[in-house]
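Let's take a walk through this one together, starting with the overall layout and then moving inside. Have the model open and turn it as you read.

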Amino acid sequence: ASFVCLQPSRQAEALKADMTDFKLGAAEVWTSRQALQDLYQKMLVTDLEYALDKKVEQDLWNHAFKNQITTLQSQAKNRANPNRSEVQANLSLFLEAASGFYTQLLQELCTVFNVDLPCRVKSSQLGIISNKQTNTSAIVKPQPSSCSYICQHCLVHLGDIGELFVY
């Protein structure tokens, strides 16, 4: 087992518990969701094989994005909800944030693991001077098939998110 990811796994469980704690306010839940995203992103970049073995990418989608999207969609579709337009605005903002997260994650994964995707625009073409520096000495080199899988995973969820904008 990878020692690097053992502690973060425990942290992730605590953050997921916070996100379903109804006693916490929206701000605390949002903060926990952000922390979970950051933690899972770090796990995926640092030790991809271990993270995939623990299904971190699925947990990331389900707990940091899908559950919240599903909740907001059901509230937005409820015609009896007096805050319906506010919920729809929140859903749009959340989808924008989710899209941004997966775009940025894909960029980082491609940069760190030297993956060349035909659809990917290089950071330098976007006017980004340098990519976010990742401590490469701490990174466990993954199999090429794992790199392809996680990039495909990001692209699938970017497609899922894009489809939701149309609703």
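**From the fold to the aromatic cluster**

Of the protein's 167 residues, 39% count as buried. Keep in mind that you're looking at a predicted model. Its secondary structure is easy to sum up: six helices and zero strands, so to speak an α-α-α-α-α-α run when you read from the N terminus on. As for the outside, the accessible surface comes to about 9,900 Å², and carbon and sulfur atoms own 55% of that.

How do the contacts spread along the chain? Take those with a separation of 6 or more: 70% of them are between residues 24 or more positions apart.

Now for the inside. The largest nonpolar core has 43 residues, and the members that touch the most others are Leu-44, Leu-60, Phe-65, Ile-69, Tyr-102 and Leu-105. At least two residues of this core come from each of H1 (3-19), H2 (26-46), H3 (48-53), H4 (56-77), H5 (84-112) and H6 (144-166). Which helix gives the largest share? That's H5, with eleven residues.

Next, pick out the rings. There are seven aromatic pairs in the structure. A good one to zoom in on is Phe-101 with Tyr-102: the ring centres sit 5.4 Å apart and the planes meet at 90 degrees, so this pair is edge-to-face; the cut-off for that label is an angle over 60 degrees. Ring pairs also tie Phe-101 and Tyr-102 into a cluster with Trp-30, Trp-61, Phe-65 and Phe-94.

Are the two partners buried or exposed? Phe-101 has 9% relative accessibility, and because buried means under 20%, Phe-101 makes the cut. Tyr-102 is buried as well, with a relative accessible area of 0%.

Stay with Tyr-102 for a moment and look at what surrounds it. Setting aside residues up to four places away in sequence, Tyr-102 touches Glu-57, Leu-60, Trp-61 and Phe-65, and also His-153, Cys-154, His-157, Leu-158 and Ile-161. Two of the names there, Leu-60 and Phe-65, appear along with Tyr-102 in the list of core members that touch the most others.

Finally, swing over to helix H2, where you'll find Ser-32. Ser-32 has a relative accessible area of 6%, so this serine is buried. Which residues does Ser-32 contact, leaving aside neighbours within four places in sequence? They are Leu-15, Asp-18 and Met-19.

Conventions
Residues numbered from 1 in each chain as written. Predicted model: local features only at pLDDT ≥ 70, side-chain atom pairs only at ≥ 80, totals over all residues. Heavy atoms only, no water. Phe/Tyr/Trp six-rings, centres within 6.5 Å; stacked < 30°, edge-to-face > 60°. Buried < 20%, exposed > 50% of the residue type's maximum accessible area, 1.4 Å probe, protein only. Core = buried A, V, L, I, M, F, W, Y, C linked by side-chain atoms within 4.5 Å. Helix = DSSP H or I, 4+ residues; strand = E, 2+ residues; numbered from the N terminus. Contact = heavy atoms within 4.5 Å. Areas by Shrake-Rupley, 256 points an atom, 1.4 Å probe, with all protein chains shown as cover.
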